[in-house]
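Reader: I have a new model open on my screen, and I would like to talk through its sheet, its salt bridge and its pocket. Could you walk me through them?

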Amino acid sequence: MITVTIEDNRIKASGHAGYAPNGYDIVCAAFSALSLTLDKAVNALTDDDIQISIESGKMSAQWQRASPQGQLLINAYIEGVKALAENYPEYINVQARNT
C-alpha cells in the first residue's frame, strides 16, 4: 500500500500499491505520473523553492513558502492523490495532518 502523509509544508509518501505485478500496476503508475507532474510543473511554471524527491517507493515534497501558482500546483496534486485513494482505497491511503 502507498501511504501519503500531507502536512502544512510537506508531503511524504512511501510504499508500493501492490495492485498488480511490477510494470503492470496502474495505481503505482498513476501515483508516479501525479508526482512527476508536480515536480516538472513546479520547476517549469514557478520560481518556488520546493524540494521534491522521487525514488522507487518514496516521494517527498517540502517547502517554506509557495507562491499562489506553486500552492495551486500542490493543491491540484493533493486532489489528484485523494481521488486516486477514493478509487483504490485498498492500495493507497492519504492522511492529512495539521502541524
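Author: Happy to; the questions below take the sheet, then the salt bridge, then the pocket. This is a predicted model, where local features need pLDDT of at least 70 and side-chain atom pairs count only at pLDDT 80 or more, while totals for chains, interfaces and linings use all residues. Residues are numbered from 1 along each chain as its sequence is written, and side-chain values use heavy atoms, with hydrogens and water left out.

Reader: Which strands stand at the edges of the sheet?

Author: Strands here are DSSP runs (E, at least two residues; helices are H or I, at least four), numbered from the N terminus, and two strands pair if DSSP finds at least two bridges between them. The open sheet has 5 strands with mixed pairing, in the order E3-E4-E2-E1-E5. Each edge strand has a single partner, so one side of it is left without a neighbour in the sheet; these strands are E3 and E5 (92-96).

Reader: Which residue in the turn of the E3 and E4 hairpin has a positive phi?

Author: E3 and E4 run antiparallel and are joined by 5 bridges. Ser 53 stands opposite Ser 60 in E4. The hairpin has 2 residues between its strands, and the turn residue with a positive phi, about 80°, is Gly 57.

Reader: Is Glu 7, a salt-bridge partner of Arg 10, buried or exposed?

Author: A salt bridge is a side-chain nitrogen of Lys or Arg within 4 Å of a carboxyl oxygen of Asp or Glu, and the count by this rule is 1. Glu 7 and Arg 10 meet in a salt bridge at 2.7 Å, N to O. Buried means under 20% relative accessible area, exposed over 50% and partly exposed in between, with a 1.4 Å probe and protein chains only. Arg 10 is partly exposed at 31%, whereas Glu 7, at 14%, is buried.

Reader: Which element supplies the largest share of the lining of the largest pocket?

Author: A pocket is an open set of points on a 1 Å grid over the protein atoms alone, where a 1.4 Å probe fits, with protein on both sides within 12 Å along at least five of seven lines; lining residues have an atom within 4 Å of a point. Of the 24 lining residues, those closest to the centre are Gly 15, His 16, Cys 28, Ser 32 and Gly 57. Strands E2 (10-14), E3 (51-55) and E4 (58-62) and helix H1 (26-45) each supply at least two lining residues. The largest share, 6 residues, comes from H1.
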